[in-house]
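Work through the exercises below with the sequence and the model at hand. Each task is followed by a solution in steps.

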Amino acid sequence: YTIPEGNKIAQTFSIYSVPTVMLNRTNQPDNIAIGTSRLENLNVIGDTLAEASIVINHTFNAATRKLDITVSGQVANTEVEQYLLSILIKENRLVGEQADAFTSWKCVDWQEYMHPRVVRDFVTGTFGDTVHVTNQAYQYSISYKLNSDWIAENCCIVAYLTPLEKKPIINAEQAAIVKGTLGGEEYGPYGVT
């Protein structure tokens, strides 16, 4: 499920191995995705007031697969007139094979695995499109055609805002493409099906 945009982002931020983790595009000290320090860092971020708000409004036509998206919000900084807004589509519940973590690489036991939160495509450019701020407010609209192979009920729109330097991410929001669903987020637990 790797896409070219993901590779470009990984190269830009020097991510060359997995597991690894960045929070809001800020490198973590031990550079691994496992550890108790993760929870502490996430709690600090969760308790921090965001520098911008993000509101996603959209309409989706199931027959034509056309998605019209408008993202708007307010920014706290009165001196910054431009940001980068990234909009992407992610899909949940994608089933693929994955190596069992408890087997040797000499005899890999491939098992079915349900992948959550897979980035399917960027609606904007890889690092976002420039949005202009007027009186601390911004708004951006774009249309997109959802791939016919993706299950719309399992898809979400994700929008996040960064300074022009591309980091850190100052806020992010998501919205299920099919209103009234959770975009596949309600299914769990993830793992071997």
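pLDDT is the predictor's confidence in each residue, on a scale from 0 to 100. The model used here is predicted.

**Exercise 1. Confidence**

Task: State what the average pLDDT of the protein is, and find what the model has for residues 189-193, where pLDDT stays under 50.

Solution. Step 1: the protein has an average pLDDT of 84, and 77% of the residues score at least 70. Step 2: over residues 189-193 pLDDT stays under 50. The model still has 13 contacts for this stretch beyond four places in sequence. Step 3: where pLDDT is low, the predicted coordinates should not be read in detail.

**Exercise 2. The sheet with β3, β4 and β10**

Task: Give the strand order of the open sheet of three strands, and decide which strands stand at the edges.

Solution. Step 1: the order is β3-β4-β10, and the pairing is antiparallel. Step 2: β3 and β10 (137-145) each have a single partner strand, so one side of each is left without a neighbour in the sheet. These two are therefore the edge strands. Step 3: direction ignored, neighbouring strands of this sheet are turned by 10 degrees against each other on average. Step 4: β3 and β4 run antiparallel and are joined by seven bridges. For N61, the bridge partner in β4 is K66.

**Exercise 3. F60 and S72**

Task: Place F60 and S72 in their strands, and classify each as buried or partly exposed.

Solution. Step 1: F60 is in strand β3, which covers residues 55-61. Its relative accessible area is 22% and buried means under 20%, so F60 counts as partly exposed. Step 2: leaving aside neighbours within four places in sequence, F60 is in contact with R65, K66, L67, L146, A152, I177 and V178. The C-alpha atoms of F60 and K179 are separated by 8.7 Å, with these positions 119 residues apart along the chain. Step 3: S72 lies in strand β4, residues 66-74. At a relative accessible area of 17%, S72 is buried. Step 4: with residues up to four places away in sequence not counted, S72 touches S53, I54, V55, Y138 and Q139.

**Exercise 4. Partners of β5**

Task: List strands that pair with β5, with the number of bridges for each.

Solution. Step 1: β5 covers residues 82-91 and is mostly covered, with nine of its 10 residues buried. Step 2: with β9 (residues 129-132), β5 pairs in the antiparallel sense over four bridges. Here Q82 has H132 as its bridge partner in β9. Step 3: β11 (residues 155-162) runs antiparallel to β5 and is joined to β5 by eight bridges. L88 has V158 as its bridge partner in β11. Step 4: β8 (residues 118-122) also pairs with β5 in the antiparallel sense, over four bridges. In β8, D121 stands opposite I89.

**Exercise 5. Salt bridges**

Task: Find how many salt bridges the structure holds, and describe the parts joined by the pair E91 and R120.

Solution. Step 1: the structure holds two salt bridges. Step 2: one is between the side chains of K66 and D68, at 3.6 Å from N to O. K66 is partly exposed at 41% relative accessible area, and D68 is partly exposed at 28%. Step 3: the side chains of E91 and R120 also meet in a salt bridge, at 2.9 Å from N to O. E91 lies in strand β5 and R120 in strand β8, so the pair ties together parts that are 29 residues apart in sequence. Step 4: E91 is buried, with a relative accessible area of 1%. Step 5: E91 is also among the residues touched by H115, with N92 and R93 included in that list. H115 is found in strand β7, residues 110-115, and counts as buried at 17% relative accessibility.

**Exercise 6. Cysteines**

Task: Determine how many disulfides the structure holds, and whether C155 is buried or exposed.

Solution. Step 1: the structure holds zero disulfides. Step 2: for C155, the nearest cysteine sulfur is that of C156, 7.6 Å away. A disulfide needs sulfur atoms within 2.5 Å, and C155 is in no disulfide. Step 3: C156 is likewise in no disulfide, its nearest cysteine sulfur being that of C155. Step 4: C155 is buried, with a relative accessible area of 0%, and C156 counts as buried at 1%.

Conventions. Residues are numbered from 1 along each chain as its sequence is written. This is a predicted model: local features need pLDDT of at least 70, side-chain atom pairs count only at pLDDT 80 or more; totals for chains, interfaces and linings use all residues. Side-chain values use heavy atoms; hydrogens and water are left out. Buried means under 20% relative accessible area, exposed over 50%, partly exposed in between (1.4 Å probe, protein chains only). Contact means heavy atoms within 4.5 Å. Two strands pair if DSSP finds at least two bridges between them. Axes are lines fitted to C-alpha atoms, for helices over the stretch in contact, and angles run from 0 to 180 degrees between N-to-C directions. A salt bridge is a side-chain nitrogen of Lys or Arg within 4 Å of a carboxyl oxygen of Asp or Glu.
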